[in-house]
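The following note is offered to a colleague who is meeting this structure for the first time. Please read the numbered points with the sequence and the model at hand.

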Amino acid sequence: MARSDGYLLDNRQNEAGERFDAFTALFDPTTFRHLEGLGIGPGWRCWEVGAGGPSVASWLAEKVGPAGQVVATDIDTSRLTAAARPPVEIRVHDVGAEEPPGEGFDLVHARLVLVHVPDRERALRNMVESLRPGGRLLIEDADPALQPLTCPDEYGPEQRLANRLRRGFRELLADRGADLSYGRKLPRLLREAGLHDVEADAYFPVASPACTALETATVRQIRARLVAAGLATDAEIDQHLANVETGTMDLTTAPMISAWGRKG
């Protein structure tokens, strides 16, 4: 397939809201645990990169209080309106193409963002440069190549079909420049960026209602592209969605790897 430009999963599509709800249910507890571990508190200045939905920005606002600041940025801020009140400031911003929206941040966080950014190196450099000395960076990103299946227990035709559609999804992502093995690189990249005390872990949900909701929303959102690229037929997609709707499939996501460090 010829290389395409643009984000595969457009925030303006109807299914985007369902995806953000699923991300909130799946990943917010892990994200909040890491942010708590970094010591976030009143008065902190935070940059939430590629915020997408409002859940993390709103949580940060509660932690930093009226004396703090949360700058929530994205190339599409249409789903951030629920968080748009002090101390949250919403800005349209492309982390891979523009200068940081400020400096001297105590905390910079990005979740499921850099894997999709064409100039990941510049984006990471911008985030590190925007930190104050001693500031903390938390990057959380997927690694679809580390665990590429949607049904690790592939015991029947329903699971085989699900995994074939997931392969098609990965092809579409790679065609748009996504690095499908990015998550595993985060600890090294943070060290190479000069951060200290770098650590990392991973979260890998195996089966949950949120995984099912995410799968349904994602397949519906990319349906036309899968068919246009010859990666699936409408009949196969209809069958897969019907299989998922039964609630009997153990569906998972790619592992989300969280890596964090301190600027010297």
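**Note on the predicted model**

1. Charge distribution. The protein carries 30 positive and 39 negative charges, and the mean positions of the two sets are 3 Å apart. In this count Lys and Arg are positive and Asp and Glu negative, while His and the chain ends are not counted. Each charge is placed at NZ of Lys, CZ of Arg, CG of Asp or CD of Glu.

2. Basis of the values. This is a predicted model, in which local features need pLDDT of at least 70 and side-chain atom pairs count only at pLDDT 80 or more, whereas totals for chains, interfaces and linings use all residues. Residues are numbered from 1 along each chain as its sequence is written, and side-chain values use heavy atoms, with hydrogens and water left out.

3. Secondary structure. The protein has 7 helices and 7 strands. Their order along the sequence is α-β-α-β-β-β-α-β-α-α-β-α-α-β. Both kinds of element are DSSP runs numbered from the N terminus: helices are H or I runs of at least four residues, and strands are E runs of at least two.

4. Overall dimensions. The radius of gyration of the protein is 18 Å, which agrees with the value near 18 Å expected for a compact globule of 264 residues. That radius is taken over C-alpha atoms, and the globule rule is 2.2 Å times the number of residues to the power 0.38. Along the principal axes, the C-alpha trace spans about 55 × 35 × 30 Å.

5. Surface and burial. The exposed area of the protein is about 11,500 Å², of which carbon and sulfur atoms supply 50%. Accessible areas come from the Shrake-Rupley method with a 1.4 Å probe, and for residues only the protein chains shown count as cover. Of the 264 residues, 52% are buried. Here buried means under 20% relative accessible area, exposed means over 50%, and partly exposed lies in between.

6. Contacts across the sequence. Where contacting residues are at least 6 apart in sequence, 76% of the contacts join residues at least 24 apart. A contact means heavy atoms within 4.5 Å.

7. Helix H3. Which residues of helix H3 (residues 120-129) are buried? They are Arg-120, Ala-123, Leu-124, Asn-126, Met-127 and Val-128. In an α-helix there are 3.6 residues a turn, so residues three or four places apart point the same way. The cover over the buried residues of H3 includes strands E1 (45-49), E4 (105-111), E5 (131-142), E6 (195-203) and E7 (256-263), together with helix H5 (186-192).

8. The loop between E4 and H3. Leu-114 lies in this loop and is buried, at 0% relative accessibility. Neighbours within four places in sequence aside, the contacts of Leu-114 are Arg-120, Ala-123, Met-127, Ile-139, Asp-141 and Tyr-182. Leu-112 is found in the loop between E4 and H3 as well. Leu-112 has a positive phi of about 55° although it is not a glycine, and its relative accessible area of 18% makes it buried.

9. Leu-189 in helix H5. This residue belongs to helix H5 and is buried, with a relative accessible area of 18%. Beyond residues up to four places away in sequence, Leu-189 touches Leu-124 and Tyr-182. The C-alpha atoms of Leu-189 and Glu-121 are 9.1 Å apart, although 68 residues separate them along the chain.

10. Backbone details. The peptide bond from Pro-86 to Pro-87 is cis, with omega near 10°. Pro-87 is placed in the loop between strand E2 (69-74) and strand E3 (88-92). In strand E6, Asp-197 has a positive phi near 55° without being a glycine. With 49% relative accessibility, Asp-197 counts as partly exposed.

11. Cysteines. How many disulfides does a search of the whole structure find? The search finds 0, a disulfide being a pair of cysteine sulfur atoms within 2.5 Å. For Cys-211, the closest cysteine sulfur is in Cys-151 at 10 Å, too far for a bond. Cys-211 is buried, with a relative accessible area of 2%, and Cys-46 is buried at 1%.

12. The end of helix H4. Asp-175 lies in helix H4 (residues 157-175) and is buried, at a relative accessible area of 10%. Between the C-alpha atoms of Asp-175 and Lys-185, 10 residues apart along the chain, the separation is 20 Å.

Methods
Buried < 20%, exposed > 50% of the residue type's maximum accessible area, 1.4 Å probe, protein only.
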